[in-house]
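Me: Please give me a close look at one part of this model, and place that part within the rest of the chain. I'd like the cut-offs behind each term as you go.

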Amino acid sequence: MVAPDKASIYPELFPQTARRVSQLSRTDQILTATADLGATIDVRRALLDEKRHVRLYQKTDTHWNQRGAFVAYVAIIDALRLQLPSIPPPEPLSAFAQETDRIPGMDLAGMMGLTRVLGEENLRLVPRNGHRYVVREPAGWTADADIGRVVTEIPGSTLPRAVVFRDSFMTAVAPFLSEH
């Protein structure tokens, strides 16, 4: 899976003066080149469909919020279940309390030195029944910590294991995937 950047999901918010170099994006190039492997997951359609109902990316950051991460999680689990039906279905949105809190501006605001001025509403999903997984490494961290390596497991689980090579977009997806 390639995490789509904000401009590919919200092109209508991108300056019209910015022009694409090619009609085929880099993500499209990768997905085209790997299509015969049957191992790629394209979450863009799900995000484009869902953006009509809720904001999926942070306003002052390049990353998706927890609602966008949830959409990606559902698409990932649905695709993986086609190959491994023993993986449980994704949790429904109703399994989470939808909360909003005010936060300071994030990376885009920070690049302009305006984190205190350009705050935003953070759309959060809080599991109604807590997490089944525990973080094994590094001790004392959470699955959504913005660190390079996080090891989670569900004690006593016989579910398949996964190793995920990731970038910062997976930070918000990790708590959802850790339940599987």
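Reply: Happy to! Helices (H or I, at least four residues) and strands (E, at least two) are DSSP runs, numbered from the N terminus. The model is predicted, so local features need pLDDT of at least 70 and side-chain atom pairs count only at pLDDT 80 or more, while totals for chains, interfaces and linings use all residues. Residues are numbered from 1 along each chain as its sequence is written, and side-chain values use heavy atoms, with hydrogens and water left out.

Let's set the scene with the whole chain. It holds 6 helices and 4 strands, and from the N terminus their order is α-α-α-α-β-α-β-β-β-α. The chain is as compact as a globular protein of its length, because its radius of gyration is 17 Å, close to the 16 Å that the globule rule gives for 180 residues (taken over C-alpha atoms; the rule is 2.2 Å times the number of residues to the power 0.38). Along the principal axes, the C-alpha atoms fill a box of roughly 55 × 45 × 30 Å. Of the 180 residues, 33% count as buried (under 20% relative accessible area; exposed is over 50%, partly exposed in between, with a 1.4 Å probe and protein chains only).

Now for the close look, at helix 2. This helix spans residues 26-34, and T27, L31 and T34 are its buried residues. Those three lie on the same side of helix 2, because they cover an arc of only 75° around the axis (judged by the directions from the helix axis to the C-beta atoms). The general background is that an α-helix has 3.6 residues a turn, so residues three or four places apart point the same way. The other side of helix 2 has R26, T32 and A33, which are exposed.

What lies over the buried side? Helix 3 (44-50) is among the parts that cover the buried residues of helix 2. One residue of helix 3 is A46, which is partly exposed at a relative accessible area of 27%. Beyond its neighbours within four places in sequence, A46 is in contact with V71 and A75 (heavy atoms within 4.5 Å). A46 also lies 7.4 Å from A72, C-alpha to C-alpha, although 26 residues separate the two in sequence. Across the chain, 58% of the contacts with a separation of 6 or more are between residues 24 or more positions apart.

A last stop is L84, in the loop between helix 4 (66-83) and strand 1 (96-103). L84 is partly exposed, with a relative accessible area of 41%. Its C-alpha atom is 28 Å from that of A145, 61 residues away along the chain.
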